[in-house]
Amino acid sequence: MRNEQRHEQLISLKKEIDSKLQDLSFQARKDLILWLSKSKEFKKLKIKDNQLIYLDRACNIWIKEKKTLTSFGVWEDFFSGITLLDELEEKYTAVKFAALRFETEMPTEYYLDGIHRCMKRGISGIAIFEILKRETLYKEKNSVDLSRLLKEAGYNIQALTLLQEAAKEFNESQEIRLELADCWLSEERLEEAYACLKEVKSPSDEIRLLIKALEEGLGYEELQ
């Protein structure tokens, strides 16, 4: 395919996607994702264009968000308010640059500034982790550091959902499980916190005492 022909196809495809993005309804987003999954043209052209790459990633983020966030009473998703590919690219890169701040030594207020900017746009912990996973080098460390600052800034649900995804990706990380357990405890979800702590392979004496206290609180000791 000649470059001119590919360029024309790309422009045409982007115009069609922008048209479909105008409808903000759940069903329209679902239909768009289904259409993209079947489009041979999209599969062929997305590797050549950043906006289409970001769109493909946003679709995967949206699917994960819809499976998880409603149980926390969160209805916003990565596509919320997005009506153009330009807007989606800007949103994605905003999260990307906020995550990349954690790759360098900066004062805490610079990290927090990036976090607050993301939170104002309704970015979920799932979206943060998925972008962090693709765009940063120290993925596990950044997941922990970012989640801690999210919690300190009062964004516990975002920290929790970020850590849920991180725990799937880094299933041997005890630090991530401890951070996730702390988030569950903050939400007074004792069973979930207990399940996290029981998966810690080498718990400290303090963690053993917490596990025992949770067993008593949940009535598990009476069943043993």
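**Exercise 1. Which residues line the largest pocket?** Work out the lining of this predicted model's pocket, then sort it.

*Solution.*
- Step 1: Go round the opening and list what you meet: Phe102, Glu103, Thr104, Glu105, Met106, Tyr111, Tyr138, Lys141, Asn142, Asp145 and Leu149.
- Step 2: Look for the main supplier. Helix α8, residues 139-152, gives the largest share of this lining, with 4 residues.
- Step 3: Sort the lining by type. You should get 5 nonpolar, 2 polar and 4 charged residues.
- Step 4: Add the volume. The largest pocket holds about 190 Å³ of space.

**Exercise 2. How many cavities of 30 Å³ or more does the structure hold?** Find out, and describe the lining of the largest cavity.

*Solution.*
- Step 1: Here's the idea behind the search: roll a probe the size of a water molecule over the atoms, and you see where empty space is left.
- Step 2: Count. The structure has 1 cavity of 30 Å³ or more, and the space in the largest cavity comes to about 60 Å³.
- Step 3: Name the lining. Val95, Ala98, Ala99, Phe102, Gly114, Ile115, Cys118, Met119, Ile128, Leu146 and Leu150 surround the largest cavity.
- Step 4: Assign helices. At least two lining residues come from each of α5, α6 (108-120) and α8, and α6 has the largest share with 4 residues.
- Step 5: Sort by type. This lining has 10 nonpolar residues, 1 polar residue and no charged ones.

**Exercise 3. At what angle do helix α4 and α5 pack?** Describe how the two helices meet.

*Solution.*
- Step 1: You need two values, since packed helices are described by the angle between their axes and the distance between the axes.
- Step 2: Read them off. Helix α4 (residues 50-68) packs on α5 at about 75°, and the axes are 9 Å apart.
- Step 3: Classify the angle. Angles of 65 to 115 degrees count as roughly perpendicular, so α4 and α5 are roughly perpendicular to each other.
- Step 4: List who touches. From α4 come Asn50, Gln51, Leu52, Tyr54, Leu55, Arg57 and Ala58, and from α5 come Leu85, Asp86, Leu88, Glu89, Tyr92, Thr93 and Lys96.
- Step 5: Sort them. The contact of α4 with α5 has 7 nonpolar, 3 polar and 4 charged residues.

**Exercise 4. Is Lys96 buried or exposed?** Settle that, then find the contacts of Lys96.

*Solution.*
- Step 1: Place Lys96 in helix α5, residues 85-100.
- Step 2: Check the cut-off. Buried means under 20% relative accessible area; Lys96 has 18%, so Lys96 is buried.
- Step 3: Set aside neighbours within four places in sequence. Lys96 is then in contact with Tyr54, Ile131 and Glu135.

Technical notes:
Residues numbered from 1 in each chain as written. Predicted model: local features only at pLDDT ≥ 70, side-chain atom pairs only at ≥ 80, totals over all residues. Heavy atoms only, no water. 1 Å grid on protein atoms, 1.4 Å probe; cavity = no way out; pocket = protein on both sides within 12 Å on 5 of 7 lines; lining within 4 Å. Points joined across faces, edges and corners; volume = space filled by probe spheres on them. Nonpolar A, V, L, I, M, F, W, Y, C, P; charged D, E, K, R; others polar. Buried < 20%, exposed > 50% of the residue type's maximum accessible area, 1.4 Å probe, protein only. Contact = heavy atoms within 4.5 Å. Axes fitted to C-alpha atoms, helices over the stretch in contact; angles between N-to-C directions. Parallel < 35°, antiparallel > 145°, perpendicular 65-115°, else oblique.
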